[in-house]
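Thank you all for coming. I would like to walk you through one protein model today, going slowly enough that each term can be explained as we meet it.

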Amino acid sequence: MTQITFELPELDRKRTQTAVEAALEKYRIFKSTLIEEREAQTTASWSDSPKGFTGTTSDQTSNIAIYNVDEPAARKAYCERIERAVSKLPRRERLLITERYLNTDCDFDYVVFNHVFDPPIGETTYYRLKWKAFYKIALNLNIQVVKEVKGSRNIEGNKK
């Protein structure tokens with residue numbers, strides 16, 4: 001009987017953190033902004049050149065309708081995906097991510113580890129907990145950046 005082993009990938013810490021922070025910032029922006037619905041242009045625009053057949057067709061009204069329906073749906077789906085990934089985290093990691101990145105009124109790490117956690121946690125513990133949360137979120141959202149193994153390119157290059 002063979003045993004299946006599964007090892008978690010070693011991630012590039014800085015690039016993964018940047019990717020997760022970008023995803024969480026996008027979430028924050030989507031939650032705090034409204035979508036301006038587009039409207040059809042009702043007056044014809046004047047053109048100096050004569051209109052001729054260009055071989056393309058465009059339907060302004062349908063393009064606007066598609067945008068007005070698809071854009072809010074895409075934003076909602078993105079926000080729900082982030083919320084699901086965060087909800088799967090352990091309690092302390094979920095509290096950290098929610099208070100630091102998902103709420104619109106907290107912009108600093110020291111506020112979270114000094115005032116949100118009860119009792120307050122140390123800075124080292126906070127950053128260790130933050131990295132664990134980022135690691136799990138990156139894997140859940142499939143935005144992880146795996147650390148390259150040195151020498152792997154040389155092996156592939158020698159096969160030619």
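Let me begin with a single residue, Asn142, which counts as exposed because its relative accessible area is 59%; by the convention I use, buried means under 20% relative accessible area, exposed means over 50%, and partly exposed is in between, with a 1.4 Å probe and protein chains only as cover. Asn142 sits in the loop between H5 and helix H6 (152-158), where helices (H or I, at least four residues) and strands (E, at least two) are DSSP runs, numbered from the N terminus. The phi angle of Asn142 is near 60°, a positive value in a residue other than glycine. Most residues other than glycine have a negative phi, and most peptide bonds are trans. The second half of that remark bears on another place, since the peptide bond from Asp118 to Pro119 is cis, with omega near 0°, and Pro119 is found in the loop between helix H4 (109-116) and H5.

Before going further, I should say that this is a predicted model, in which local features need pLDDT of at least 70 and side-chain atom pairs count only at pLDDT 80 or more, while totals for chains, interfaces and linings use all residues. Residues are numbered from 1 along each chain as its sequence is written, and side-chain values use heavy atoms, with hydrogens and water left out.

Now for the overall picture: the protein has six helices and zero strands, and of its 160 residues, 26% are buried. If we take a contact to mean heavy atoms within 4.5 Å, then among the contacts with a separation of 6 or more, 73% are between residues 24 or more positions apart.

What does the interior look like, and which residues have the most contacts inside the largest nonpolar core? A nonpolar core here is a set of buried Ala, Val, Leu, Ile, Met, Phe, Trp, Tyr and Cys residues joined through side-chain atoms within 4.5 Å. The largest one has 30 residues, and those with the most contacts inside it are Leu24, Ile82 and Ile97. Helix H1 (13-32), helix H2 (60-87), H3, H4 and H5 each supply at least two residues of this core, and the largest share, nine residues, comes from H5. Leaving out residues up to four places away in sequence, Leu24 touches Ile82 and Ile97, and also Tyr101, Leu102 and Phe134. In soluble globular proteins, nonpolar side chains tend to be buried together.

Let us turn to the charged residues, where the structure holds seven salt bridges, each being a side-chain nitrogen of Lys or Arg within 4 Å of a carboxyl oxygen of Asp or Glu. One of them joins Lys147 to Glu10, with the closest N and O atoms 3.2 Å apart, and this pair links distant parts of the chain, as Lys147 is in the loop between H5 and H6 and Glu10 is in the segment before H1, 137 residues away. Lys147 is partly exposed, with a relative accessible area of 42%, whereas Glu10, at 53%, counts as exposed.

A further salt bridge connects Glu93 with Lys136, the closest N and O atoms being 3.1 Å apart, and here the partners are in helix H3 and helix H5, 43 residues apart along the chain. Is Glu93 buried or exposed? Glu93 counts as buried because its relative accessibility is 4%, while Lys136 is partly exposed at 32%. Besides Lys136, the residues that Glu93 touches include Leu129, Lys132 and Ala133, again not counting residues up to four places away.

Finally, Arg100, Asp109 and Lys130 are linked in a network of salt bridges. The side chains of Arg100 and Asp109 meet at 2.8 Å, N to O, and both of these residues are buried. Lys130, in helix H5, is also buried, with a relative accessible area of 4%, and a polar contact of 3.2 Å joins its side chain to that of Asp109; a polar contact is a pair of N or O atoms within 3.5 Å, where within protein one must be able to donate a hydrogen and the other to accept it, and residues adjacent in sequence count only if both atoms are side-chain atoms. Side chains of opposite charge can pair when their charged atoms come close.
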